[in-house]
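Welcome! Please take a moment with the sequence and the model below, and then read on for a short guided tour.

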Amino acid sequence: MSLLKSLSLILVIMYGSLLLGEQVFAQDSEAKVTASTDVEATMKSMALAYKQAMVATNPSNMLSKVSKLKQLVASVQLVQFETDRQVILQQGLTEVQAQLELVKARLNEDDMTTAKQQLKKVDALKKQYHKKRSPSIWELIFGSD
């Protein structure tokens with residue numbers, strides 16, 4: 001069961017990475033994305049862009065903050081993490097990018113209410129993957145399955 005789970009995760013990540021690679025350069029062509037050299041600082045910038053997007057009062061301002069957030073996420077996606085964490089972190093980042101695309105689609109339709117609801121899901125994904133990134137002492141001792 002665990003092997004099947006791992007294989008399916010790897011396939012999802014590989015497929016997502018291929019799609020994302022196309023999206024990063026096709027949709028964020030206004031700025032070339034390079035790998036983050038300081039992931040912690042980039043994560044802080046992502047938190048700031050998220051907060052600024054949530055308090056935006058018009059679609060164009062929110063869209064610019066969401067675009068900035070997408071660019072920051074893309075820069076972290078290019079980072080090579082430790083092999084035991086690479087798959088799960090890339091999966092989380094891919095899900096965040098997909099969610100941000102939904103937010104942008106709503107903003108392009110001037111639907112800020114729905115866009116903000118969808119942006120809240122990005123925060124939920126962050127919390128979910130931060131838990132997976134930093135397992136508890138009990139998970140380290142007894143495993144997660």
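## A tour of the helices

Let us begin with one residue: Gln97 is found in helix H4. Gln97 counts as buried because its relative accessibility is 1%, under the 20% cut-off. Its side chain has a partner, too: the side chain of Gln97 makes a polar contact with the side chain of Gln77, at 3.4 Å. Gln77 is itself one of the buried residues of H3.

Please keep in mind that this is a predicted model.

Now for the wider view. The protein has six helices and zero strands, and its pattern along the sequence reads α-α-α-α-α-α. Of the 145 residues in the protein, 34% are buried. Among contacts between residues at least 6 apart in sequence, 70% join residues at least 24 apart. The protein exposes about 9200 Å², and carbon and sulfur atoms supply 60% of that area.

### The nonpolar core

Which residues touch the most other members of the largest nonpolar core? They are Met62, Leu69, Leu100 and Leu119, in a core of 27 residues. The elements that give two or more residues to this core are helix H2 (39-54), helix H3 (59-77), helix H4 (83-108) and helix H5 (112-133). H4 provides the largest share, seven residues.

Leu100 is a good place to look more closely. Setting aside neighbours within four places in sequence, Leu100 is in contact with Val66, Leu69, Lys70, Val73, Leu119 and Val122. Of these partners, Val66, Leu69, Lys70 and Val73 are among the buried residues of H3.

### Two helices side by side in a table

Here are the lengths and spans of H2 and H3.

| Helix | Residues | Span, first to last C-alpha | Expected span at 1.5 Å a residue |
|---|---|---|---|
| H2 | 16 residues | 22 Å | 22 Å |
| H3 | 19 residues | 26 Å | 27 Å |

For H2, the span is close to the expected value, and the span of H3 is also described as close to its expected value.

Which residues of H2 are buried? They are Thr42, Met46, Ala49, Tyr50, Ala53 and Met54. Seen down the axis of H2, these buried residues fall within an arc of 130°, so they line one face of the helix. An α-helix has 3.6 residues a turn, so residues three or four places apart point the same way. On the other side of H2, Glu40, Lys44 and Lys51 are exposed.

In H3, the buried residues include Met62, Ser67, Leu72, Ala74, Ser75 and Val76.

### Two more stops

Back in helix H4 we meet Thr94. Is Thr94 buried or exposed? Thr94 counts as buried because its relative accessibility is 18%, which is under the 20% cut-off. Thr94 and Ala74 are 20 residues apart in sequence, and their C-alpha atoms are 8.9 Å apart in space.

The last stop is Asp110, in the loop between H4 and H5. Asp110 has a positive phi of about 60°, although it is not a glycine. Asp110 counts as exposed because its relative accessibility is 57%, over the 50% cut-off.

Note on methods
Residues are numbered from 1 along each chain as its sequence is written. This is a predicted model: local features need pLDDT of at least 70, side-chain atom pairs count only at pLDDT 80 or more; totals for chains, interfaces and linings use all residues. Side-chain values use heavy atoms; hydrogens and water are left out. A nonpolar core is a set of buried Ala, Val, Leu, Ile, Met, Phe, Trp, Tyr and Cys residues joined through side-chain atoms within 4.5 Å. Buried means under 20% relative accessible area, exposed over 50%, partly exposed in between (1.4 Å probe, protein chains only). Helices (H or I, at least four residues) and strands (E, at least two) are DSSP runs, numbered from the N terminus. Contact means heavy atoms within 4.5 Å. The expected span of a helix is 1.5 Å times one less than its number of residues. The arc is that of the directions from the helix axis to the C-beta atoms. A polar contact is a pair of N or O atoms within 3.5 Å; within protein, one must be able to donate a hydrogen and the other to accept it, and residues adjacent in sequence count only if both atoms are side-chain atoms. Accessible areas come from the Shrake-Rupley method with a 1.4 Å probe; for residues, only the protein chains shown count as cover.
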